[in-house]
Amino acid sequence: MPRSAEQFRQMQEKRKAKLLSAALYLFATEGFDATSIDEITKKARCAHGLFYHYYKDLNEVLVELLSNAKEKPNLLAPLSEAKEAGGLAGLKKLCQYYSGAAKAKKDEEAEYAKMLLQIRQHNKVNKSGIKGLDPYPVIKSLIKQGQANGEIIQIPTEQASEAFVNLVFGTLDQRIILGYKNNKEINADTLIKLFQIR
């Protein structure tokens, strides 16, 4: 039986959503540079050529994922609010966001958080597309402010920033790999205490 125009449109949207979901998972778990179009189509269980029906390259997929995230504020780290709070208070806001993403029932929240946390490390990413979404410069600035205020431990700022990112990274990885039901919760207050001067 032939499909109606509406059925065809719905089928196309479903295929595209499968490609986006597969790309998000792979960008979060493998990294942008390590992800291939072939891996995305295999994960989405779609023909390799179908990818090119929707996208010309991986950067175009990333741009769409970021555009989708901007429409759902819970998927993006509250960078502006964290900067406004400054220092330790701003870092606490980010800890609460990452802890929430790790506890979320929907996989996409943890996947978006992790993808954006590591985006700066990838050479193939079109940097203009991620402007204002990379949390690392904000994390580094907040730690530096907190150290200047005597709130955060006095180790080199770069090392403290990397340590924070790695702790959050591990928490999000655990959530993505183990799933919602098997994940062990990490409390935002516990995470912040590792950096706070007592």
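1. Packing of H8 against H9. In this predicted model, helix H8 (residues 136–148) packs on H9 with the two axes 9 Å apart and at an angle of about 125°. An angle over 115 but not over 145 degrees falls in the oblique class, and H8 and H9 are therefore oblique to each other. The crossing in which H8 passes H9 is right-handed.

2. Residues of the H8–H9 contact. On the H8 side, the contact is formed by Tyr136, Ile139, Lys140, Ile143, Lys144 and Gln147. Their counterparts in H9 are Thr157, Glu158, Ala160, Ser161, Glu162, Phe164 and Val165. Sorted by class, the residues of this contact comprise six nonpolar, three polar and four charged.

3. Packing of H6 against H9. Helix H9 (residues 157–178) also meets helix H6 (residues 87–103), the axes coming within 9 Å and crossing at roughly 20°. Because angles under 35 degrees count as roughly parallel, H6 is described as roughly parallel to H9. H6 passes H9 in a right-handed crossing.

4. Residues of the H6–H9 contact. H6 contributes Leu91, Cys95, Tyr98, Ala101 and Ala102, while H9 contributes Phe164, Val168, Thr171, Leu172 and Arg175. This contact is made up of eight nonpolar residues, one polar residue and one charged residue. Phe164 of H9 is listed in the contact with H6 and is also listed in the contact with H8.

5. Overall architecture. The protein chain contains 10 helices and zero strands, and its elements accordingly read α-α-α-α-α-α-α-α-α-α from the N terminus on. Taken along the principal axes, the box filled by the C-alpha atoms is roughly 70 × 35 × 25 Å. Of the 198 residues in the chain, 44% count as buried. Among contacts with a sequence separation of 6 or more, 66% join residues 24 or more positions apart.

6. The nonpolar core. The largest nonpolar core holds 63 residues, and within this core Phe27 and Met115 touch the most other members. When neighbours within four places in sequence are left aside, the contacts of Met115 are Leu24, Phe27, Ala28, Leu62, Leu65 and Leu66. The two residues with the most core partners, Phe27 and Met115, are thus in contact with each other.

7. Thr41 in H2. Thr41 belongs to helix H2 (residues 37–44). Its relative accessibility is 2%, so Thr41 counts as buried, the cut-off being under 20%. Apart from neighbours within four places in sequence, Thr41 is in contact with Leu19, Cys46, Ala47, His48 and Phe51. Between Thr41 and Tyr55, which are 14 residues apart in sequence, the C-alpha to C-alpha distance is 12 Å.

8. Arg45 in the loop after H2. Arg45 sits in the loop between H2 and helix H3 (48–54). The phi angle of Arg45 is near 55°, a positive value in a residue other than glycine. A reviewer may wish to note this backbone value alongside the setting of the side chain: Arg45 has 75% relative accessibility and therefore counts as exposed, the threshold being over 50%. Thr41 of H2, by contrast, is buried.

Notes
Residues are numbered from 1 along each chain as its sequence is written. This is a predicted model: local features need pLDDT of at least 70, side-chain atom pairs count only at pLDDT 80 or more; totals for chains, interfaces and linings use all residues. Side-chain values use heavy atoms; hydrogens and water are left out. Axes are lines fitted to C-alpha atoms, for helices over the stretch in contact, and angles run from 0 to 180 degrees between N-to-C directions. Helices (H or I, at least four residues) and strands (E, at least two) are DSSP runs, numbered from the N terminus. Angles under 35 degrees count as roughly parallel, over 145 as roughly antiparallel, 65 to 115 as roughly perpendicular and the rest as oblique. A crossing is left-handed if the near helix is turned anticlockwise from the far one by less than a right angle, and right-handed if clockwise. Contact means heavy atoms within 4.5 Å. Ala, Val, Leu, Ile, Met, Phe, Trp, Tyr, Cys and Pro count as nonpolar, Asp, Glu, Lys and Arg as charged, and the others, Gly among them, as polar. A nonpolar core is a set of buried Ala, Val, Leu, Ile, Met, Phe, Trp, Tyr and Cys residues joined through side-chain atoms within 4.5 Å. Buried means under 20% relative accessible area, exposed over 50%, partly exposed in between (1.4 Å probe, protein chains only).
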